[in-house]
Amino acid sequence: MNKILVTGGAGFIGSNFIHYLLERYDDCYITNVDLLTYAGNLDNLTNISDDPRYRFIKADIVDFVSISNLVSQGFDTIVNFAAESHVDRSIEAPGIFVRTNVLGTQSLLEAARRFGVKKFVQVSTDEVYGSLGQEGYFTETSPLNPTSPYSASKTAADHLVLAYGHTFGLSVNVTRCSNNYGTYQFPEKLIPLMITNALADKPLPVYGDGMNVRDWLHVRDHCCAVDLVMRQARTGEIYNIGGNNERTNIDIVKIILRRLNKPESLIMFVQDRPGHDRRYAIDSSKLRKDLGWEPKYSFDRGVIETIEWYCNNIKWWEKIKSGEYLRYYEQMYDNRKKAN
Ligand code: NAD
Ligand code: TYD
């Protein structure tokens, strides 16, 4: 498993995964292919850009000609992180989610099959299962019931991956992880958005009643799980990844405010997300039993380290929040305030 093609490696989880592999293995050679959309940021990789085990190629995973040319160079493994990943954006503009997440995955699968890639790992999400009530957990056999254009596009991709395994004998795995947090997360997602707004004394927009529940996992624990799956999982297996760490959104927001010594008066309840899933919770016992995975970060430690990272890397996120993202933010949250 030496030559690894990582797609979407300039994004949040992909860049953490590249750091994770390079720190851990001397004998892995990583090609990072990323289109550098608004979410792709080469600043996430500056300290390894000269590493001889690493190279970056800017390309669109949907562009089959470019992808075939690249994959024909010979890879042991493809790990597909590249995606449009933000639910709110998928409600504003669903088409790009179908393009990237469905067509992009199919283009990678086709190239993998033609050029003899030995393992294809699809990084999927617990959101493919839809929403839970107050009880229960998603297992790998739970029905797929996606509710947003984002999760529907990820579900379609999962089916394509499994179909390529079944029909063409491509060695595939699918991982379905819960909500991640940690370094380099784009500040449109809940935790970094709230940290960066609080640092700037700006309102913290909480959707609906703030009682939606997510199961939070540190990104390094997710990377460790994907690495185990890539190296050890039997072909065709699906693995859920989750931290058994359910929190309501309002709890998360209050933890951040307390740690930063900011007042709760910054909290602003705004109009709910349309179709907002109430609760996600993951049963990851299969991954623990088959591959011996255990999360290493407690949420208490992980969230403090993450808050500190954002405090110490203000330039990283200020650059993002002062550019194109600012226009998106103003438009998205002005509409919510008006409708509330
Ligand atoms: P992200 O939005 O931070 O990064 C996505 C990356 O993909 C960016 O670097 C972007 O430039 C790149 N990309 C987008 N379209 C592309 C294209 N057409 N061609 C090549 N590159 C393209 O996302 P993330 O949070 O790092 O998520 C990575 C993967 O993990 C996604 O597939 C997502 O569905 C999945 N996932 C995310 C979470 C989470 O909490 N963030 C949880 C479970 C699963
Ligand atoms: P998000 O980070 O967008 O992840 P996902 O929707 O994929 O779970 O949102 C996490 C939760 O936080 C979700 O219930 C929506 C909520 N949320 C807010 O309340 N306010 C916000 O500004 C954002 C971005 C999210």
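This is a short tour of the two ligand sites, one cavity and one pocket in a predicted model.

**Stop 1: ligand 1**

Start by selecting ligand 1 and showing its surroundings. You should get 28 residues around it, with I13, D34, S85, Y150 and K154 the closest. Which parts of the fold do these neighbours come from? Colour α1 (12–24), β5 (119–125), α5 (149–168) and β7 (179–181): each of these supplies at least two residues of the shell. β5 has the largest share, at three residues.

Now switch on the backbone and look for polar contacts to the ligand's oxygen atoms. At G11, a polar backbone atom sits 2.9 Å from an oxygen of ligand 1. Move on to T37, where a backbone N or O atom is 3.0 Å from a ligand oxygen. At F81 the distance from a polar backbone atom to an oxygen of ligand 1 is 3.1 Å. Hide the protein for a moment: on its own, ligand 1 exposes 830 Å², and the protein buries 97% of that. Colouring the shell by residue class gives 14 nonpolar, eleven polar and three charged residues.

**Stop 2: ligand 2**

Next, select ligand 2. There are 19 residues around this one, and the closest are E127, R214, R273, H276 and Y333. What do the contacts look like here? Zoom in on R273 to find a side-chain N or O atom 2.5 Å from an oxygen atom of ligand 2. Swing over to N249, which has a polar side-chain atom 2.8 Å from a ligand oxygen. Then pick P205: here a backbone N or O atom lies 2.8 Å from a nitrogen of the ligand. Taken alone, ligand 2 exposes 510 Å², of which the protein buries 97%.

For the wider setting, highlight α6 (190–199) and β8 (204–207), each of which gives at least two residues to the shell around ligand 2. Then colour by domain. Domain 1 (3–181 + 217–241) and domain 2 (190–213 + 248–277 + 300–336) each contribute at least three residues to this shell. By class, the shell has nine nonpolar, five polar and five charged residues.

**Stop 3: the cavity**

Keep E127, R214, R273 and H276 selected, since they belong to the cavity lining as well. Add V87, S148, P274, G275, D277 and Y280 to complete that lining. A search of the whole structure turns up one cavity of 30 Å³ or more, and the largest cavity holds about 60 Å³ of space. Its lining has three nonpolar, three polar and four charged residues.

Where does the largest cavity sit relative to the domains? Leave the domain colours on: domain 1 and domain 2 both give residues to the lining, so the cavity lies between them.

**Stop 4: the second largest pocket**

For the last stop, select Y38, N41, F186, K319 and I320. The second largest pocket has about 240 Å³ of space, and those five are the closest to its centre among the 16 residues that line it. Colour α11 (314–321) and α12 (324–339) to see two helices that each supply at least two lining residues. Of these, α11 gives the most to the lining, with three residues.

The domain colours are useful here too, as the lining draws at least three residues from each of domain 1 and domain 2. Sorted by class, the lining residues are eight nonpolar, five polar and three charged.

Conventions
Residues numbered from 1 in each chain as written. Chains lettered and ligands numbered in written order. Predicted model: local features only at pLDDT ≥ 70, side-chain atom pairs only at ≥ 80, totals over all residues. Heavy atoms only, no water. Near = heavy atom within 4 Å. Polar contact = N/O pair within 3.5 Å; in protein donor to acceptor, adjacent residues only side chain to side chain. Areas by Shrake-Rupley, 256 points an atom, 1.4 Å probe, with all protein chains shown as cover. Helix = DSSP H or I, 4+ residues; strand = E, 2+ residues; numbered from the N terminus. Nonpolar A, V, L, I, M, F, W, Y, C, P; charged D, E, K, R; others polar. Domains from an automatic or database assignment. 1 Å grid on protein atoms, 1.4 Å probe; cavity = no way out; pocket = protein on both sides within 12 Å on 5 of 7 lines; lining within 4 Å. Points joined across faces, edges and corners; volume = space filled by probe spheres on them.
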